[in-house]
Amino acid sequence: MKTDLSKRAMRAERAVVTRHELLYGEYRVLQMHVPAVARAVQPGQFVHLEIPGLDDAILRRPFSVFKADDAMLSVLYKPVGKGTRAMTSIRVDDEISLIGPLGHGFPTSHDVAKPVLVAGGYGMAALYLVACALKSSGTIFMGGRSAGDILCVDEFEAIDWDVRIATEDGSRGTRGFVTVALDEYVAGLPDAREVEYFACGPNAMLKAVCDRALANDQKAWLSVDRHMGCGVGACLVCVQRIRDPESRNGDWHWERVCSEGPVFESREIVWDDDE
Amino acid sequence: MSEPAPDLRVKLGALELSNPVMVASGTFGYGPEYANLVDIDRLGALVVKGIRMQPTTGNSTPRAVEVASGMINAIGLPGPGVEGFIETYIPFLETHTVPVIVNIWGCTIEEYGEVAARLDQVDRVDALELNVSCPNIKQGSTMFGTHPEMVEQVVRHVRERTRKTIIPKLAPNVADVPRFAQICEGAGADAISLINSVPAMAIDIETRRPMLANTTGGLTGPAIHPIAVKQVWEAAGAVSIPVIGMGGIVSAKEAIEFMIAGATAVAVGTANFSDPTVSLDVIDGIAEYLSRHGMRSVNELIGSIDLRKG
């Protein structure tokens, strides 16, 4: 394992809830006062929350960081499963146990000729800090089932990003998967190789971005989603197949999404057959 | 005048622990994973994840699923192999003082012996836990753990290869746990630990596919605690060597329950994933309990179950 785990900035904190409300449709923002973690967050990192009132569910729940400043950290979520439904009863001033920041996020300090963000679902929130950190603005492609799944458009426009929207039912933006809009955009560029992708969303979407990056000789940084246990590198539940760099015959090894990931470059990833 | 703090020291064979609370193999990595969250030197002992001779890749994903009051895992014992472990993790462990117990496994009796002989040369390793009971390894350990003759041969073979404390870890899915405990004692074990995870399965009813890539796995967490208490109680009554109780500890209460049933030490497992410092709380909780009950040493608690009727 390439990560020196004993040199991480992560810590366990009691985070105090300062804001918890509907933000877009069914999506809620949960903002917490947790300065030591908020200050250390890098774009693409996540936090592991102990959700109060989860009864017989024993594991923490991982969340990408939406916004972070010197004191506050916020996450965006939609109540869909047991954990996120229980989250809706969290109230302002409640204390939540939080471990973070965790994982290796997106690289943002290098020069990127044409940054392109590709986001699905909560990925739109997770990429906001990436957009803030990159040296120059670019284009973000947002995909969702319908208009209600398109988040954070104002946030990205406020920092001069070109927002392109696609919905499967056509209720907002281009009809179809986000890749339809993306392909049109890339086809219109004088040099497609200048594009560098930063993507977060369902694995099927990441795989589609990965395929395009390989076909067009582009770089793509993909934030992979896997079931997680401990979040800190101990349980080895959230592993991803990663290509052996020197191998010519397809050899691979497992890396931990929570520790070496969640962000990997497209050429590193070996996808499962059903992805 | 306040009473002096109760004495928490316990002995496992020649190994003395400052307190009876360890972290269970597979739930705490090799130490560095939790080192920035937990003062690991306060632990009674650190039991690292299972090691065999060669590096092992482990199972495909999904490797775990959360179920009511627990989780089912089929990780498949991935690991760096014994040389990889020594090279990568012993330098880190040398910067700490916590007793180190290495969980070892193999696909043959000889392999258990080879790993034991190699680790016998490593001063930083205090004891070996013999995994004869992992439910997720198809051709190796499950077979050993459910066959009395095989368990006896593994323990005897390892005993011949090391002078370090050896602790066979028993399977819960056998008809007669006390018999296995006695076999281990007779073959030269210094202590025994139990229980390993309980063979289990979960199915997605929409797709009708198993929730785990390995189809079946091992259940851990609070769901298995009462099963473990019974087996620890039976085992402790059958042998005179120390018993280490584990299975579903989430607070001092479950640890104290194991000790009343006869466990000399305990190991916290799955609870580490949600609360990394839970083991330290368990240590403090045991000390508080002893003070509250007027006990000066944790040894007064071990096996103190009251079986009188009414």
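**Close-ups of rings, charges and strands**

Counting over all chains, this predicted model holds ten aromatic pairs. The views below pick out some of them, along with a few other spots.

**View 1. Phe106(A) and Phe198(A) make a tilted ring pair.** The two ring centres sit 6.1 Å apart and the planes meet at 55°, so this one goes down as tilted; the label covers angles that are neither under 30 degrees nor over 60. Follow the chain and you'll see that the partners come from distant parts of it, 92 residues apart. Phe106(A) belongs to the loop between β7 (95-102) and β8 (114-120) of chain A, while Phe198(A) is in strand β12 (residues 195-200) of chain A. Both Phe106(A) and Phe198(A) are buried.

**View 2. Tyr128(A) and Phe156(A) meet edge-to-face.** Here the centres are 5.7 Å apart, with 85° between the planes. This pair also links distant parts of the chain: Tyr128(A) is in helix α4 (residues 128-133) of chain A and Phe156(A) in helix α5 (residues 153-158) of chain A, 28 residues apart. Tyr128(A) has a relative accessibility of 12%, so it counts as buried, because the cut-off for that word is under 20%. Phe156(A) is at 0%, so it's buried as well. Add Phe66(A) and you have a cluster, with ring pairs linking Phe66(A), Tyr128(A) and Phe156(A).

**View 3. Two charged side chains lie over rings, one in chain A and one in chain B.** Lys67(A) is over the face of Tyr128(A), the ring from View 2, at 5.4 Å from the ring centre. In chain B, Arg52(B) lies over the face of Trp105(B), and the distance to the ring centre is 5.0 Å.

**View 4. Ala187(B) sits in a loop of chain B.** Look between α5 (177-186) and β10 (192-194) of chain B to find this residue. Ala187(B) has a relative accessible area of 4%, so it's buried. Beyond its neighbours within four places in sequence, Ala187(B) touches Glu152(B), Val155(B), Arg156(B) and Arg159(B). As for Asp39(B), it is 148 residues from Ala187(B) in sequence and 36 Å away in space, C-alpha to C-alpha.

**View 5. Chain A has an open sheet of seven strands.** Reading across, the order is β4-β3-β7-β1-β2-β6-β5, with antiparallel pairing. At the edges are β4 (61-64) and β5 (67-68) of chain A, each of which pairs on one side only. Zoom in on strand β1 (residues 11-24) of chain A: six bridges join it to β7(A), and the two run antiparallel. Ala12(A), for instance, stands opposite Ile99(A) in β7(A).

Conventions. Residues numbered from 1 in each chain as written. Chains lettered and ligands numbered in written order. Predicted model: local features only at pLDDT ≥ 70, side-chain atom pairs only at ≥ 80, totals over all residues. Heavy atoms only, no water. Phe/Tyr/Trp six-rings, centres within 6.5 Å; stacked < 30°, edge-to-face > 60°. Helix = DSSP H or I, 4+ residues; strand = E, 2+ residues; numbered from the N terminus. Buried < 20%, exposed > 50% of the residue type's maximum accessible area, 1.4 Å probe, protein only. Lys NZ or Arg CZ within 6 Å of the ring centre and 35° of its normal. Contact = heavy atoms within 4.5 Å. Pairing = 2+ DSSP bridges.
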